[in-house]
Amino acid sequence: MENGADHQALIELIDVKKIYKMGVELIRALDGVSIEVYPNEYVAVMGPSGSGKSTLMNMIGCLDTPSEGSYYLRGQNVGEMVDDELAEIRNREVGFVFQTFNLLPRVNCLQNVELPLIYSGKTRNQRRQMAERALDQVGLSDRVTHKPNELSGGQRQRVAVARALVNNPALVLADEPTGNLDTKTGQEIMLLFETLYRRGNTLMVVTHEEEVAHHARRIVRLRDGLVESDVRVENPILAHQETESIEVV
């Protein structure tokens with residue numbers, strides 16, 4: 001179900017400001033942002049360099065806290081948390097997908113995907129089963145013992161997506177997920193995201209590419225630390241394709 005009014009907001013930012021001091025100058029990276037995101041929404045965040053989108057994603061991903069205003073994740077006030085609490089909620093509730101994949105080169109796919117589970121209290125067998133299931137979700141069940149340098153760029157990004165999914169997080173945050181991929185491979189990753197969305201995941205994608213943004217169901221545009229626009233996408237790319245019937249390779 002997409003964004004039902006009967007759901008509590010998964011993410012709620014209320015007049016959030018982030019102010020950095022650089023010498024005597026104050027930099028207002030976010031200057032009063034209010035956004036709500038509901039379970040099983042697919043949101044793209046766009047904006048020119050310096051618009052505040054990286055700061056916003058760091059805030060939503062619990063890597064940073066507001067200077068002013070409030071941020072609630074699943075009803076919990078993130079702004080009041082100390083570092084250990086932030087690390088715990090980040091590991092439990094947020095899955096990250098980065099442009100540069102951020103995989104460890106010396107270990108195989110299974111071990112890379114297991115990484116977020118190391119401090120979860122799961123047994124080794126439980127971690128393995130969860131990692132295998134996540135790799136299967138992204139179509140890589142036959143690559144579990146391969147190391148990153150034995151994979152294509154698209155396959156490496158799939159491993160990164162599997163790692164983001166392994167904890168069954170409330171939110172998957174993707175920062176320029178197709179930035180280091182060729183056009184065809186980038187399209188395959190967006191097809192994977194469409195499949196995850198249809199399975200019920202909540203996705204937020206930071207991108208500077210209009211085509212990537214139009215896979216989402218909603219586009220939030222930032223400028224000068226403010227929300228310039230927040231609109232629904234009328235005809236999302238891939239929305240009418242039967243993604244479950246398309247082989248993910």
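Strands β3 and β9 pair in the parallel sense, over four bridges. The model in which this pairing occurs is a predicted one. Within it, Val 45 has Val 220 in β9 as its bridge partner.

**The sheet**

The two strands belong to an open sheet of six strands with mixed pairing, ordered β6-β7-β8-β3-β9-β10. Strands β6 and β10 (226-232) form the edges, each pairing on one side only. From one strand to the next, the twist averages 20°.

Strand β9 (residues 218-223) also runs antiparallel to β10, and six bridges join the two. Ile 219 has Val 231 in β10 as its bridge partner, while Arg 223 is matched with Leu 226 in β10. The hairpin of β9 and β10 has two residues between the strands, and Asp 224 in this hairpin takes a positive phi near 55°.

**Positive phi in loops**

Two further residues with positive phi lie in loops. Asn 40, a residue other than glycine, has a phi near 60°. Asn 40 is placed in the loop between β2 (25-37) and β3. With a relative accessible area of 10%, Asn 40 is under the 20% limit and is therefore buried.

Cys 62 is likewise not a glycine, yet has a positive phi of about 65°. The loop that holds Cys 62 runs between α1 (53-60) and β4 (68-73). Cys 62 counts as buried, at 0% relative accessibility.

**Aromatic pairs**

A pair of aromatic rings is described by the distance of the centres and the angle of the planes. The structure holds two such pairs. Tyr 42 and Tyr 197 have ring centres 5.5 Å apart and planes at 45°, so this pair is tilted. The angle falls between the limits of 30 degrees for stacked and 60 for edge-to-face, which means that neither of those labels applies. Tyr 42 lies in strand β3 (residues 42-46) and Tyr 197 in helix α6 (residues 183-198), so that the pair links distant parts of the chain, 155 residues apart. The other pair, Phe 96 and Phe 98, is stacked, with 5.9 Å centre to centre and 10° between the planes.

The accessibility of the four ring-bearing residues is set out below.

| Residue | Relative accessible area | Class |
|---|---|---|
| Tyr 42 | 1% | buried |
| Tyr 197 | 6% | buried |
| Phe 96 | 18% | buried |
| Phe 98 | 30% | partly exposed |

The class of Phe 96 follows from its 18%, because buried means under 20%. Phe 98, at 30%, is partly exposed because its value lies between the limits of 20% and 50%.

**The largest pocket**

The largest pocket contains about 360 Å³ of space. Its lining comprises 15 residues, of which Asn 91, Val 94, Phe 96, Pro 116 and Arg 163 are the closest to the centre. Two or more lining residues come from each of α2 (83-93), β6 (94-97) and α5 (153-165). By class, nine residues of the lining are nonpolar, four are polar and two are charged.

Phe 96 thus appears in two of these descriptions: Phe 96 is among the residues closest to the pocket centre, and Phe 96 also forms the stacked pair with Phe 98. Strand β6 likewise has two roles, as an edge strand of the sheet and as a contributor to the lining of the largest pocket.

Methods
Residues are numbered from 1 along each chain as its sequence is written. This is a predicted model: local features need pLDDT of at least 70, side-chain atom pairs count only at pLDDT 80 or more; totals for chains, interfaces and linings use all residues. Side-chain values use heavy atoms; hydrogens and water are left out. On a 1 Å grid over the protein atoms alone, a cavity is a set of points where a 1.4 Å probe fits but cannot get out, and a pocket is an open set with protein on both sides within 12 Å along at least five of seven lines; lining residues have an atom within 4 Å of a point. Grid points are joined across faces, edges and corners, and a volume is the space filled by probe spheres set on the points. Ala, Val, Leu, Ile, Met, Phe, Trp, Tyr, Cys and Pro count as nonpolar, Asp, Glu, Lys and Arg as charged, and the others, Gly among them, as polar. Rings of Phe, Tyr and Trp (its six-membered ring) pair if their centres lie within 6.5 Å; planes under 30 degrees apart count as stacked, over 60 as edge-to-face and the rest as tilted. Buried means under 20% relative accessible area, exposed over 50%, partly exposed in between (1.4 Å probe, protein chains only). Two strands pair if DSSP finds at least two bridges between them. Axes are lines fitted to C-alpha atoms, for helices over the stretch in contact, and angles run from 0 to 180 degrees between N-to-C directions.
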